[in-house]
Amino acid sequence: MKVMAHRGYSGKYPENTMLAFEEAAKTGADGIELDVQLTKDGQVVVIHDERIDRTTDGSGWVKDYTYEELKKFNAARVKGDQFGFQPIPSFEEYCVWAKNQSLFTNVELKTSIIYYPEIEEKTIALIRKYGLEDRIILSSFNNASIVLCRQSDETIAGGFLVEKYVDNAGVYARTCYVQYYHPNLEYLKEEHVRSCSQNGIGLNVWPLIEEEDMRRMKKWGVNSIITNYPDRGRAVADED
């Protein structure tokens, strides 16, 4: 079972910042999960919410700011003032760092609430620019967005994010030529794991906090857990 750090080491550090990604790597995490959106000037940036109010000291929609404007807000404010100033990273900045790491990356395209035209093409272009195609999973709750990604570049793996559950999950993903299924732990049943396994579909489960749940996922044979605490995940994954 692999360990994927949810928005980086977000249980301890400001989510979706370079600090959170760097600290996640130090825990021995196998991968990083992050979220991307588009700015007013069409730059791919790493942030979870469509608005910046929760995670930064600013207010408003990501889509209404240029990247230069967004960089002025402190993304560390989600954890108070203990981590100083941490800017919203661009996806390109992350790729520059990731190309020298052994980590894989799950890139969640935030296209469910606001659909950003060309976000698929722009994200894939950056992945190609830094030669990360074989270490990326593109995922989204907007499953159509992942189908578009797969049509654009079949060398980059895709994953369907699901809030509740899908009957015959493995068949669903396989028939759409997608390699992974990303279910919410709350709604996951062992029969869904079997369906994915029987159809050659990888299963990456979120959000994992408690070690008891991590051990259950390990017993069920999921591919990876997506957790805010990659240190806990690493310890469980390494248990005999």
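This section describes the overall architecture of the chain and the packing of one of its helices. The structure is a predicted model.

The chain contains nine helices and nine strands. Its radius of gyration is 17 Å, close to the 18 Å that the globule rule gives for 240 residues, so the chain is as compact as a globular protein of that length. The C-alpha trace extends over about 50 × 40 × 30 Å along its principal axes. Of the 240 residues, 57% are buried. Where contacts link residues at least 6 apart in sequence, 54% of them join residues at least 24 apart.

The accessible surface of the chain amounts to about 10700 Å², and carbon and sulfur atoms account for 45% of this area. The chain carries 29 positive and 38 negative charges, and the mean positions of the two sets lie 1 Å apart.

Helix H3, which comprises residues 91-98, illustrates the packing of a single element. Its buried residues are Phe91, Tyr94, Cys95, Trp97 and Ala98. Viewed down the axis of H3, these residues fall within an arc of 160 degrees, so they line one face of the helix. In an α-helix there are 3.6 residues a turn, so residues three or four places apart point the same way. The buried residues of H3 pack against both helices and strands. The helical partners are H1 (18-26) and H4 (119-129), while the strands contacted are E2 (31-38), E3 (44-46) and E4 (104-109).

Conventions: Residues are numbered from 1 along each chain as its sequence is written. This is a predicted model: local features need pLDDT of at least 70, side-chain atom pairs count only at pLDDT 80 or more; totals for chains, interfaces and linings use all residues. Side-chain values use heavy atoms; hydrogens and water are left out. Helices (H or I, at least four residues) and strands (E, at least two) are DSSP runs, numbered from the N terminus. The radius of gyration is taken over C-alpha atoms; the globule rule is 2.2 Å times the number of residues to the power 0.38. Buried means under 20% relative accessible area, exposed over 50%, partly exposed in between (1.4 Å probe, protein chains only). Contact means heavy atoms within 4.5 Å. Accessible areas come from the Shrake-Rupley method with a 1.4 Å probe; for residues, only the protein chains shown count as cover. Lys and Arg count as positive and Asp and Glu as negative; His and the chain ends are not counted. The place of a charge is taken as NZ of Lys, CZ of Arg, CG of Asp or CD of Glu. The arc is that of the directions from the helix axis to the C-beta atoms.
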